Amino acid sequence: GGLISIPLIERGAAVIGVDLSGPSLEVARHAARGKGRFIQGDITNLDLAPASADVVLLADVLDHIPDYQRALAQAQRIVRPGGKVFVGTINRTVRAYIRAILLGEGLRLIPPGTHKYSLFIRPNELINAAKQVGLEHRKTFGEHLDLFSTISRWAI
């Protein structure tokens, strides 16, 4: 739906958004008001030229696909030398299970069935997979859900 693409476009970035979901892409296209390029495709097998992107952002996507290593390989393939790959994913912890699946999905803040705990990725697993495809790890940091704010606004 363009949750990250749209703010980047609004700040002047040339964005190519990729998603398997046609309806999500239509929402993004509408929100982008003719800016950006949104293509339906599989991030583990992208139809984009090698070294064609300054930045590749894999936000809230790797924890939904079983073969996230292939997505990292595609990111490495399309990022230009000196470019950056950023990944945002859910750590496989009990806390994440409680917050994302039991609370997020249980309270219907996220559609039920969105997440599978087995697909959550520990930081060391992600770092090792990235190194295997030729990406260099620079920094890891965590995000934390503000549970009170989420419940009071009824939005994540």
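# Group meeting: charges, a buried aspartate and two turns

Let me start with one residue. Asp67 has a relative accessibility of 32%, so Asp67 counts as partly exposed. The band for that label runs from 20% to 50%. Keep in mind that this is a predicted model.

Asp67 has a partner. Asp67 forms a salt bridge with Arg70, and the closest N and O atoms are 3.9 Å apart. The cut-off for a salt bridge is 4 Å. Arg70 has a relative accessible area of 41%, so Arg70 is partly exposed too.

Now the whole chain. The secondary structure comes to six helices and four strands. Along the sequence, the order is α-β-α-β-β-α-β-α-α-α. The radius of gyration is 16 Å, and the globule rule gives 15 Å for 156 residues, so the chain is as compact as a globular protein of that length. The C-alpha trace spans about 40 × 40 × 25 Å along its principal axes.

A few numbers on packing and surface. Of the 156 residues, 30% count as buried. Take the contacts with a separation of 6 or more: residues 24 or more positions apart account for 61% of them. The chain exposes about 10,200 Å², and carbon and sulfur atoms supply 56% of that area.

Back to charges. Side chains of opposite charge can pair when their charged atoms come close. How many salt bridges does a search of the whole structure find? The search finds five. You have heard about Asp67 with Arg70. Here are two others.

Take Glu26 in helix α2, residues 22-32. Glu26 forms a salt bridge with Arg29, with the closest N and O atoms 2.6 Å apart. Both residues lie in helix α2, three residues apart, and that is about one turn of the helix. Glu26 is at 48% relative accessibility, so Glu26 counts as partly exposed. Arg29 is at 32%, so Arg29 counts as partly exposed as well. One more point on Glu26. The C-alpha atoms of Glu26 and Gly1 are separated by 7.4 Å, with their positions 25 residues apart along the chain.

Next pair. Glu125 forms a salt bridge with Arg92, and the closest N and O atoms are 2.5 Å apart. This pair links distant parts of the chain: Glu125 is in helix α5 (residues 123-132), and Arg92 is in the loop between β4 (79-88) and α4 (94-105), 33 residues apart. Glu125 counts as partly exposed because its relative accessibility is 27%. Arg92 counts as buried because its relative accessibility is 15%. The buried label needs under 20%.

Now a charged residue without a salt bridge. Asp63 lies in the loop between β3 (53-59) and α3 (68-78). Asp63 is buried yet has no salt bridge. Which is the nearest side chain of opposite charge, and how far away is it? That is Arg92, 11 Å away. A salt bridge would need 4 Å.

So what does the Asp63 side chain touch? The Asp63 side chain makes a polar contact with the side chain of Thr89, at 2.8 Å. The Asp63 side chain also reaches the backbone nitrogen of Ile90, at 3.5 Å. Leave aside neighbours within four places in sequence, and Asp63 is in contact with Gly88, Thr89, Ile90, His115, Leu119, Phe120 and Ile121.

On to a buried isoleucine. Ile78 is placed in helix α3. Ile78 has a relative accessible area of 6%, so Ile78 is buried. Pro50 is 28 residues from Ile78 in sequence, but the two are 4.4 Å apart in space, C-alpha to C-alpha. Again leaving aside neighbours within four places, the contacts of Ile78 are Leu46, Leu48, Ala49, Pro50, Ala51, Ser52, Ala53 and Val56.

Last, the backbone. Which residues have a positive phi although they are not glycines? Arg33 is one of them, with a phi of about 50°. Arg33 lies in the loop between α2 and β2 (37-40). Arg33 counts as exposed because its relative accessibility is 70%. Asp60 is another, with a phi of about 55°. Asp60 lies in the loop between β3 and α3, and Asp63 is also in that loop. Asp60 has a relative accessible area of 48%, so Asp60 is partly exposed.

Notes
Residues numbered from 1 in each chain as written. Predicted model: local features only at pLDDT ≥ 70, side-chain atom pairs only at ≥ 80, totals over all residues. Heavy atoms only, no water. Helix = DSSP H or I, 4+ residues; strand = E, 2+ residues; numbered from the N terminus. Buried < 20%, exposed > 50% of the residue type's maximum accessible area, 1.4 Å probe, protein only. Lys, Arg positive; Asp, Glu negative; His and termini not counted. Polar contact = N/O pair within 3.5 Å; in protein donor to acceptor, adjacent residues only side chain to side chain. Contact = heavy atoms within 4.5 Å. Rg over C-alpha atoms; globule rule 2.2 N^0.38 Å. Areas by Shrake-Rupley, 256 points an atom, 1.4 Å probe, with all protein chains shown as cover.
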